[in-house]
Amino acid sequence: MHSVHSAAPTWDPQQYLRHSGHRTRPFLDLLARIPGLPAQDRPARIADLGSGPGNVTVLLADRWTDAHITGFDLSPEMLERAEKDWAGTTRGGGWLDFRPADAAHWTPDEPYDLIVSNAALQWVPNHPESFAAWIDGLHPGGTLAFQVPGNFTSPSHALLGELCETPEWRARLGDQGRRFVHVLDTEDYLTRLTGLGCEADVWETTYCQLLQGEDPVLDWVKGTALRPVLTTLGDDEEAVDHFLAQYRALLAEAYPPGPYGTVFPFRRLFAVARKRS
Ligand SMILES: C[S@@+](CC[C@H](N)C(=O)[O-])C[C@H]1O[C@@H](n2cnc3c(N)ncnc32)[C@H](O)[C@@H]1O
C-alpha cells in the first residue's frame, strides 16, 4: 500500500456517474486500440490507475475475462463506491479488487500485462516521469494505455480558471482552481513513450457531446474540474452558492442551449504504448 496525499480534492461518485455514458465512450475507444496481452497460459494481470467508481475498470473484464484486475485510487469515496459495486469475482471467473494508492508515487509491485488509466493522469503532476518505472514493471509485450482530457483551453475550463483568478476568489481559493492541468501534447507523449523503447500509438479525438437538462456543463464539471474548488469551499454553503452562481452565468453564455440540447465539445488525448517482446 502507498501513502495517500491528504490535500486531494473530495470526489462525489454519484455526481461523477451522472454523465457516465459520455465518460465511458473514450475508455471504449482506448480499449479498442490495446493489442493482445502477453499472458497466454495464465490470467492477465491488469492495473487501472485512478479507477474512480470502477464502472470502466470492470469493462476490462469483458475483454480479459479471467484477468486479475486491480483499480488504484486516491479517493476513499471513489474506492468505497467501486468496492460496493464491482469488487469480487468477475463474470468470466477473474478477480477485481480496489486499493488506495497515489498514482504520483505508484510503482508496479509485481509484473503487469496492462497498466491502464482513464481520465485520471491529468490530476497527477509529473506523471510522464513515472512512465519509465511503469513500463519497467510490464511483462515484455505488455501495454501502458491512458486517456486524458485535452480541453483545458476550452471555455468551461478557461472561465473556471479566470473566475478563480479574480481577487475575490483568488484570496479564498489560492491555486485550487488550477490544480488539474498536468497534460502534455500528443507529440510529447509520443516522443517520450517511443524514447522508452515502446511501439506507441498516440492520437486525439474531440467528442461533440450533446448534453441535456438545465446548466448541463456546470453539472458536468461539478463531477470533475470543480472538485478542488468545492472541496476548498467545503461546508460554506453561502460561498459555494455564490461561486456557482457566477460560474453558471459564464457557462450559460459560453454554452447556450440549442434546439436539441447543449453542445459541449470535449477534446481527449490517447496513448497506447506496447513494450517490445
Ligand atoms: C475523472 S475520475 C476518472 C475515474 C475513472 N478512471 C473513469 O474513467 O471513470 C478521476 C479519478 O482519478 C483519481 N485520482 C486523482 N488523482 C489521483 C492520484 N494522484 N492517484 C490516484 N488516483 C487519483 C480520483 O480520485 C478520481 O477517482
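Which residue follows α4, and is its phi positive or negative? In this predicted model, α4 gives way to Gly 88, which has a positive phi, near 120°.

The helix itself spans residues 76-86, and its buried members are Met 78, Leu 79, Arg 81, Ala 82 and Trp 86. Around the axis these residues take up an arc of only 165°, which means that they sit on the same side of α4. That fits a general feature of helices: an α-helix has 3.6 residues a turn, so residues three or four places apart point the same way. As for what the buried residues of α4 pack against, the partners are α1 (13-17), β2 (68-73) and β4 (95-100).

Two of those partners belong to the sheet. Eight strands make up this open sheet, and reading across gives the order β3-β4-β2-β1-β5-β6-β8-β7, with mixed pairing. At the edges are β3 (88-89) and β7, each of which pairs on one side only. α4 packs on the sheet through contacts with β2 and β4, and its direction makes about 165° with that of β4.

Over towards the other end of the strand order sits β8, flanked by β6 and β7. Strand β8 covers residues 262-275, and eleven of its 14 residues are buried, so the rest of the structure largely encloses it. Its pairing with β6 (residues 138-149) is antiparallel and runs over seven bridges. With β7 (residues 198-211), the pairing is again antiparallel, this time joined by 14 bridges. Phe 270 is a handy landmark in β8: Gln 147 stands opposite Phe 270, and so does Trp 203. A helix covers this part of the sheet too, as α8 (residues 186-195) lies across β7 and β8 and runs at about 155° to β7.

Then there is the ligand. It is surrounded by 20 residues, and the closest are Gly 50, Gly 52, Ser 75, Ala 103 and Trp 123. Sorted by class, the shell around the ligand holds eleven nonpolar residues, six polar ones and three charged ones.

Key: Residues numbered from 1 in each chain as written. Predicted model: local features only at pLDDT ≥ 70, side-chain atom pairs only at ≥ 80, totals over all residues. Near = placed C-beta within 6 Å. Nonpolar A, V, L, I, M, F, W, Y, C, P; charged D, E, K, R; others polar. Buried ≥ 20, exposed ≤ 12 C-beta atoms within 10 Å, placed from the backbone. Helix = DSSP H or I, 4+ residues; strand = E, 2+ residues; numbered from the N terminus. Arc of directions from axis to C-beta. Contact = placed C-beta atoms within 7 Å. Pairing = 2+ DSSP bridges. Axes fitted to C-alpha atoms, helices over the stretch in contact; angles between N-to-C directions.
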